[in-house]
Structure formats: C-alpha cells, structure tokens
Amino acid sequence: MENKKEYIGKVLVAGATGKTGQWVVKRLLQYGVPVRVFARDKAKAIRLFGEGVEIVEGKVQSASDIGLAVRGCDAVISALGSSSYSGESSPDEVERDGVKRLVDEAAKAGVKHFGLVSSLFVTQWYHPLNLFAGVLHKKWEAEEHVRAVFSQSPLSYTIVRPGGLKDGEPLKHKLQVDTGDRLWNGWTNRSDVAELLVVALWTEKAKNKTFGVINESEEEQSGLEQYYDLLPG
Ligand SMILES: NC(=O)c1ccc[n+]([C@@H]2O[C@H](COP(=O)([O-])OP(=O)(O)OC[C@H]3O[C@@H](n4cnc5c(N)ncnc54)[C@H](OP(=O)(O)O)[C@@H]3O)[C@@H](O)[C@H]2O)c1
C-alpha cells in the first residue's frame, strides 16, 4: 500500500463490464487509481459504474476504437472473454485477435504495463476446454503476444491464470501460485484475480510474470502482494 502512492497513471480496463472486469474497476477505484473503461455497450457500462467513470465505447475488432481508448493511459488490464463459438464474441475474435489488437495499440500509444486475465491449462493443447473453439489455445497465443511486446524494459506485463472462477469478496482466501501451468484444477475468486492484477501495477516482483493461481483455504488476507514474492525470477 505504501508504494501505491507512487502509482499515478490512468488504467484502461477492457472487458470491464464482465464479472472479473467489474472487480478490476472496483479495486482500482478502491485504491484511488484513475480508471477508463473500454466497453462495447456504453449504456451497460454507465449502469454498472455510473457517470463518474470515464467510458470509451468501442469494439475489440476496431483498432481505431482501441486507439482512442488507450490514448493517455499508463496501463491496460484486460478481462476480456468470449461467450460464443463463432462471431464477434468468439475466442478467435476476442481472446486472440482482440487481445492482440489491444496489446499493439497500447504499445503504440505508450502504455507501460499490460495486465491480462488468462486461464490455467493454456499450455495443454489437448485439454477438453479447447473443444470450445480452441479457447485455451487462443488465450495462449494472446499471452505469447503480450510477452513478446511488453517484456522489454521499460515496458512490463503481468499475466494471471486463474482456475474455475467464482464470485465473492477479495482477500478471503489463502492462495496457491505456480508458474509452470502445473496446478491441478481449483477455484479462484474473480475479485482476487482483479486484486492481483491491480497490485501488480506497483509491485516490482509482479513485473513480467505469468502464473497460475487457485484458492488453497479460507483465510483472511491483508493483501496479495506477498504472493509475488513466491514466484521465481
Ligand atoms: N469461467 C471460468 O471459470 C474461467 C476460468 C479461467 C479463466 N477464465 C477467463 O477469465 C476471463 C474473465 O472471465 P469472466 O467470467 O469475468 O468473463 P465475462 O463476465 O464473460 O466478461 C467478458 C467481458 O468481455 C467482453 N467482451 C466479449 N466480447 C467482446 C467484444 N467483441 N468486444 C468487446 N468486449 C467484449 C464482455 O462485454 P459485454 O459485457 O458487453 O458482454 C465482458 O465485459 C475470461 O477471459 C475467461 O475466459 C474464466
């Protein structure tokens, strides 16, 4: 929390109207970090966040919409997710191409840090979840692009790979983290995924990390920065 005071940038949240994205916005606001929301449905974003939060309407299919959204932002956090097998909300369009476009436009605009919600098992090509239009593989391709573009100093990234997502308040679970995609299933609270990506903005050890996370046990946490100390490198 001490270092947080040094974080003064504005953060663009993509997928903000989704269940995890809403938590990202909530946690950023909780820490007093300026937020801009990128949403394909402005009315929905206003319903969720009110008129006080800056909203840029646009689609992940449009480089120019994204270009406007990222302008002037210091960091981007993406909680984008697909919801249909094909078309505008498919894994191809959202998880792979949408995220890649966001990465490219962010880097072009001078964004310094990229945070991404990915998933456990993205390295496992034969995982049954890939039956949904290869969704894990599309996420893997997006991850690779994030690492390729944002790993060169002064740029940085943090990629969180949660287990099955659950609703509920943040900081209520002791977590298990791992960098090798070896976690064997488990649940993760969306709110903790959001918290991990938000504190990553000002946590040096979170920079250029890709890791899986699941709940270990119910146990109140005072913060989640400590989990970055457990990651190698
Ligand atoms: N469900 C799980 O158990 C699980 C496990 C591991 C990882 N994950 C991953 O975690 C991430 C977050 O999950 P979630 O449940 O919070 O997702 P969610 O509630 O479905 O939210 C997805 C977000 O993406 C946006 N979106 C979808 N298509 C879009 C498009 N074409 N243009 C712009 N925005 C678009 C949605 O906008 P609208 O609000 O307009 O629809 C929404 O804001 C996803 O990537 C998911 O795959 C999920």
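Let me start with Thr158, whose bridge partner in strand E10 is Lys209, and I should say at once that what you have in front of you is a predicted model. That pair belongs to a longer stretch of pairing, in which strand E6, residues 156–162, and E10 run in the parallel sense over 5 bridges. E10 also pairs with strand E8, residues 173–178, but there the two strands run antiparallel and are joined by 6 bridges, with Leu175 standing opposite Asn215 in E10. As for its surroundings, E10 covers residues 209–218 and is mostly covered, since 7 of its 10 residues are buried.

Just ahead of E6, in the loop between H5 and E6, lies Pro154, and the peptide bond that joins Ser153 to Pro154 is cis, with omega of about 10°. As a reminder, most peptide bonds are trans, and most residues other than glycine have a negative phi.

That second point brings me to two residues of the model. Phe121, in the loop between E5 and H5, has a positive phi near 75° although it is not a glycine. Asp181, in the loop between E8 and strand E9, residues 187–189, likewise has a positive phi, near 55°, and is not a glycine either. Are these two residues buried or exposed? Phe121 has 22 other C-beta atoms within 10 Å and is therefore counted as buried, the cut-off for that being 20 or more. Asp181 has 16 such neighbours within 10 Å, so it is partly exposed.

Let me turn to helix H4, residues 92–108. How far apart should its ends be? At 1.5 Å a residue, its 17 residues should span 24 Å, and the end C-alpha atoms are 22 Å apart, which agrees. The helix nevertheless has a kink of about 35°, centred on Gly98. Gly98 is itself among the buried residues of H4, a list that also includes Glu93, Glu95, Arg96, Arg101 and Glu105, together with Val94, Val99, Leu102, Val103 and Ala106. Those buried residues are covered by elements that include strand E1, helix H3, strand E4, strand E5 and helix H5. After the helix comes Gly110, whose phi is positive, near 90°.

The cover from H5 can be followed at one residue, Val149, which is found in that helix. Leaving aside residues up to four places away in sequence, Val149 touches Val103 and Ala107. Those two partners are four places apart in the numbering, and in an α-helix, with 3.6 residues a turn, residues three or four places apart point the same way. Val149 and Ala106 are 43 residues apart in sequence, yet their C-alpha atoms are 9.9 Å apart in space. With 17 other C-beta atoms within 10 Å, Val149 is counted as partly exposed.

I will finish with the ligand. Which residues come closest to it? Of the 25 residues that surround the ligand, the closest are Gly15, Thr17, Gly18, Thr20 and Gly81. Helix H1, residues 19–30, helix H4 and strand E7, residues 164–166, each supply at least two residues of this shell, and the largest share, 3 residues, comes from H1. By character, the shell divides into 7 nonpolar, 10 polar and 8 charged residues. H4 thus appears here once more, as a helix that supplies residues to the shell around the ligand and that carries the kink centred on Gly98.

Terms used
Residues numbered from 1 in each chain as written. Predicted model: local features only at pLDDT ≥ 70, side-chain atom pairs only at ≥ 80, totals over all residues. Near = placed C-beta within 6 Å. Helix = DSSP H or I, 4+ residues; strand = E, 2+ residues; numbered from the N terminus. Nonpolar A, V, L, I, M, F, W, Y, C, P; charged D, E, K, R; others polar. Buried ≥ 20, exposed ≤ 12 C-beta atoms within 10 Å, placed from the backbone. Pairing = 2+ DSSP bridges. Expected span 1.5 Å × (residues − 1). Bend = angle between axes of the 7 residues up to and from the residue. Contact = placed C-beta atoms within 7 Å.
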